[in-house]
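Please open the model in a viewer and keep the sequence panel at hand. The tour below proceeds by selection, one stop after another.

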Amino acid sequence: MTGTTRSTKELAHANLPQITPGSVTVSVATESDRADWDAYVEHNSAAAGYHEWAWRAVFERAFGHECRYLVARRGSVVGVLPLVEIRSALFGRTLTSLPFVNFGGVLAETDEVARALVDEAGRLAKSSGCKHVELRHIGRRFDDLPCRQHKVTMRLPLQTGMWDRIDRKARNQVRKAEKSGLTVTRGGAELLGDFYTVFARNMRDLGTPVYTRRLFDEVARVFPERARVIVVKLKDAPVAAGFTYRTRNLVEIPWASSIRDFNALCPNHLLYWHAIETAVAEGVEVFDFGRSTPGEGTFKFKEQWGAEPVPLHWEYWLAAGDTLPDQSPKNPKYRLMIATWKRLPLWLANAAGPGIVRQIP
């Protein structure tokens, strides 16, 4: 694993299985557990694609963070909890399941197993000096844990004839984009340069540090058949782009951007319609537009396609004296930093952004 060197105390804790009531054994998983881990995730209908073992390499290689994957066994695997430790100069040490993506958290056969996993995560956090454990669940999993419900994911059931089912205004804007001479290309890693050009520009314009390009390179490398890139161009210039990721019968678009100078041409509508149309053609059942804050602009944009909000529940184990984290751009203490970031030259924002954002899960 990559990351900074662990102390003798941490290594000892990681290598000794923790025995919990009911003969459930929880331990830190190693490469030898990979096949059993993935077999369990594959057959668990509640699993997100991010629960798969392969994402561990993405987090380690793209961000340099140390992964602590917990596996529960009662003979065979009965639960898993992938965790990533972030050692941040900004926010201190934390464990997150999972950072930089929309979903994660506990997968378990029973409430007893789920509790054993989160209890062990708490012990691991304490021994590592972490302030909290963040569990990014879709549904509520632990009623006794503090919970934030500030985000939703927007999902659209797919079927044939989607063009006639979407809002008339959205159809008109797709037509406008087509008449404006915009073109769409879909592919893989060969389009990442155009994607990142648009994504980095948009992040700067929003006042948000941009992810390292290596994140997208790694996802495309690890999931070449499931990760696809869509680029909308005006002549030869990319003006909108999205990155899709498929898990079973669901396709999500966790990263998408457009250059606001071209908003009048509606490139975002062409981008999303192409993604939806392609998903239908490939037999996908659900299209996930990604995470949004209810009532804000991106929420309303996704709503016009017929997408319905699914509340997300971020649950927390907190160290003594810690409070629920609030790293939202809406937090007043970040307003000055956001305003300043928007004014940075693009080259500087692109150079400085990855080192900052890797510390913000």
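Which residues of helix α8 (residues 213-222) are buried? Select the helix and colour L215, F216, E218, V219 and A220, for these are its buried residues. Buried here means under 20% relative accessible area, exposed means over 50%, and partly exposed lies in between, with a 1.4 Å probe and protein chains only. Helices (H or I, at least four residues) and strands (E, at least two) are DSSP runs numbered from the N terminus.

The model is a predicted one, in which local features need pLDDT of at least 70 and side-chain atom pairs count only at pLDDT 80 or more, while totals for chains, interfaces and linings use all residues. Residues are numbered from 1 along each chain as its sequence is written, and side-chain values use heavy atoms, with hydrogens and water left out.

**Confidence**

Colour the chain by pLDDT, the predictor's confidence in each residue from 0 to 100. The average for the protein is 91, and 92% of the residues score at least 70. Residues 1-21 have a pLDDT below 50, and this stretch has 43 contacts in the model beyond near neighbours in sequence; a contact means heavy atoms within 4.5 Å. Where pLDDT is low, the predicted coordinates should not be read in detail.

**Around helix α8**

Return to α8 and display its surroundings. Its buried residues pack against α3 (54-63), α7, β11 (227-234), β12 (237-247) and β13. Select F216 next: apart from neighbours within four places in sequence, F216 contacts L192, F195, Y196, F199, Y211, F243 and W255.

E218 lies in the same helix, α8, and counts as buried because its relative accessibility is 7%. With neighbours within four places set aside, the contacts of E218 are V58, R61 and A62. For a distance across the model, pick the C-alpha atoms of E218 and A320: they are 37 Å apart, with these positions 102 residues apart along the chain.

**The nonpolar cores**

Now show the largest nonpolar core, which has 53 residues; W55, F195 and F216 touch the most other members. Such a core is a set of buried Ala, Val, Leu, Ile, Met, Phe, Trp, Tyr and Cys residues joined through side-chain atoms within 4.5 Å. Helix α7 (residues 192-206) contributes the most to this core, with seven residues. A second, separate core has 31 residues, including L156, I166, Y272 and A307.

Remain on α7 and select R204, which is found in this helix. R204 counts as buried because its relative accessibility is 14%. Beyond residues up to four places away in sequence, R204 touches W341, K342, L344, P345, L346 and A349.

**Strands β14 and β15**

Move to V286 in strand β14 (residues 286-292). V286 counts as partly exposed, since its relative accessibility is 25%. Among its contacts outside the four nearest places in sequence are R155, L156, N249 and V251. From V286 to E252 the C-alpha distance is 8.4 Å, for a sequence separation of 34 residues.

P309 lies in strand β15 (residues 308-311) and is partly exposed at 36% relative accessibility. Leaving out neighbours within four places, P309 contacts V152, T153, M154 and F299.

**Backbone details**

Which two residues does a cis peptide bond join? Select S97 and L98, where omega is about 0 degrees. L98 sits in the loop between β5 (92-97) and β6.

Next select K235, in the loop between β11 and β12. The phi of K235 is positive, near 60 degrees, in a residue other than glycine. K235 counts as exposed because its relative accessibility is 73%. C266, in the loop between β13 and α9 (267-281), also is not a glycine and has a positive phi of about 60 degrees. C266 counts as buried, with a relative accessibility of 8%.
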